[in-house]
Amino acid sequence: MWSWAVAHCISALPWKPNFLHVHDWHAAAIPAFLQVLEQECPPNLLTIHNLSIQGKWNPIDVGGWIDLDVAAEATLRPRDVHGDLNMMQLGIYTSDAVSTVSPTYAKEVLLPHFGEDLGADLQKIGVTGIVNGIGVEVF
């Protein structure tokens, strides 16, 4: 799992990053896994590009993949509505801030139809929309 591997790499670096900016499900759980490894996590931001792809797995399977008793780790106890360990959900709860790729998408993901079963989680935490792209007048 990418997030688990990156958390191990960060903890082994001879220097520490000043900030983490994680994107979507494959990197969203890095702050959670740093907590599990009892490593200091720098200030961080989760940016959601596509909420429908969340990285959901059976917690027992995840524990086997990373050789960890997932149920014993408080940081990894949240489960989605299907009982899965959800990487995006972990990122929502362990990141310092959550953003989306536009102000419109930030509003949409809070709605039941577009929230992909995580809308309530995002409402609890809060989400900011930042326009994704460049200013064509400047660049």
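In what order do the 4 strands of the open sheet stand, and is their pairing parallel or antiparallel? In this predicted model, the order is S1-S2-S5-S6, and the pairing is parallel. The two edge strands are S1 and strand S6 (128-129), each of which pairs on one side only.

## The sheet, strand by strand

Beginning at one edge, S1 runs parallel to S2 and is joined to it by 4 bridges, with His21 standing opposite Leu45 in S2. S2 in turn runs parallel to S5, again with 4 bridges between the two strands, and here the bridge partner of Ile48 is Thr100 in S5. At the other edge, S5 and S6 pair in the parallel sense over 2 bridges, and Ser99 stands opposite Thr128 in S6. A helix also belongs to this picture, since H5 lies across S2 and strand S5 (97-100) and runs at about 140 degrees to S2.

One residue of S2 deserves a separate word, namely Asn44, whose place is in that strand. With a relative accessibility of 3%, Asn44 counts as buried. When its neighbours within four places in sequence are left aside, Asn44 is in contact with Phe19, Leu20, Pro31, Thr94, Ser95, Asp96 and Ala97.

## The nonpolar core

The largest nonpolar core has 35 residues, and those with the most contacts inside it are Ile30, Phe33, Leu46, Ile48, Leu51 and Leu76. Among the elements that give two or more residues to this core are strand S1 (20-23), strand S2 (44-48), helix H1 (2-12), helix H3 (30-36) and helix H5 (87-94). H3 gives the most to this core, with 5 residues.

Ile30 lies in helix H3 and counts as buried, because its relative accessibility is 5% and the limit for a buried residue is under 20%. Leaving aside its neighbours within four places in sequence, Ile30 is in contact with Ser3, Val6, Ala7, Ile10, Leu20 and Val22. The C-alpha atoms of Ile30 and Met87 are separated by 9.0 Å, although these residues are 57 residues apart along the chain. Leu76, considered in the same way without its neighbours within four places in sequence, is in contact with Ala32, Phe33, Val36, Leu68, Val70, Leu85 and Leu90.

## The two sides of helix H1

Which residues of H1 are buried? They are Ser3, Trp4, Val6, Ala7 and Ile10. Seen down the axis of H1, these buried residues fall within an arc of 165 degrees, so they line one face of the helix. As a general background, an α-helix has 3.6 residues a turn, so residues three or four places apart point the same way. The face of H1 turned away from its buried side carries the exposed residues Trp2, Cys9 and Ala12, while the buried residues of H1 pack against S1, H2, H3 and H4.

## Aromatic pairs

The structure holds 3 aromatic pairs, and two of them are set out in the table below.

| Pair | Centre-to-centre distance | Angle between planes | Arrangement |
|---|---|---|---|
| Trp4 and Phe33 | 5.1 Å | 85 degrees | edge-to-face |
| Trp25 and Trp57 | 5.3 Å | 65 degrees | edge-to-face |

Why is the pair of Trp4 and Phe33 edge-to-face? The planes of the two rings stand at 85 degrees, and an angle over 60 degrees counts as edge-to-face. This pair links distant parts of the chain, for Trp4 is in helix H1 and Phe33 is in helix H3, 29 residues apart. Trp4 counts as buried at 14% relative accessibility, and Phe33 is buried as well, with a relative accessible area of 0%.

The pair of Trp25 and Trp57 also links distant parts of the chain, with Trp25 in helix H2 and Trp57 in strand S3 (residues 56-57), 32 residues apart. Trp25 is partly exposed, with a relative accessible area of 27%, and Trp57 likewise counts as partly exposed at 26% relative accessibility. Ring pairs link Trp25, Trp57 and Trp65 into a cluster.

Methods
Residues are numbered from 1 along each chain as its sequence is written. This is a predicted model: local features need pLDDT of at least 70, side-chain atom pairs count only at pLDDT 80 or more; totals for chains, interfaces and linings use all residues. Side-chain values use heavy atoms; hydrogens and water are left out. A nonpolar core is a set of buried Ala, Val, Leu, Ile, Met, Phe, Trp, Tyr and Cys residues joined through side-chain atoms within 4.5 Å. Buried means under 20% relative accessible area, exposed over 50%, partly exposed in between (1.4 Å probe, protein chains only). Contact means heavy atoms within 4.5 Å. The arc is that of the directions from the helix axis to the C-beta atoms. Rings of Phe, Tyr and Trp (its six-membered ring) pair if their centres lie within 6.5 Å; planes under 30 degrees apart count as stacked, over 60 as edge-to-face and the rest as tilted. Two strands pair if DSSP finds at least two bridges between them. Axes are lines fitted to C-alpha atoms, for helices over the stretch in contact, and angles run from 0 to 180 degrees between N-to-C directions.
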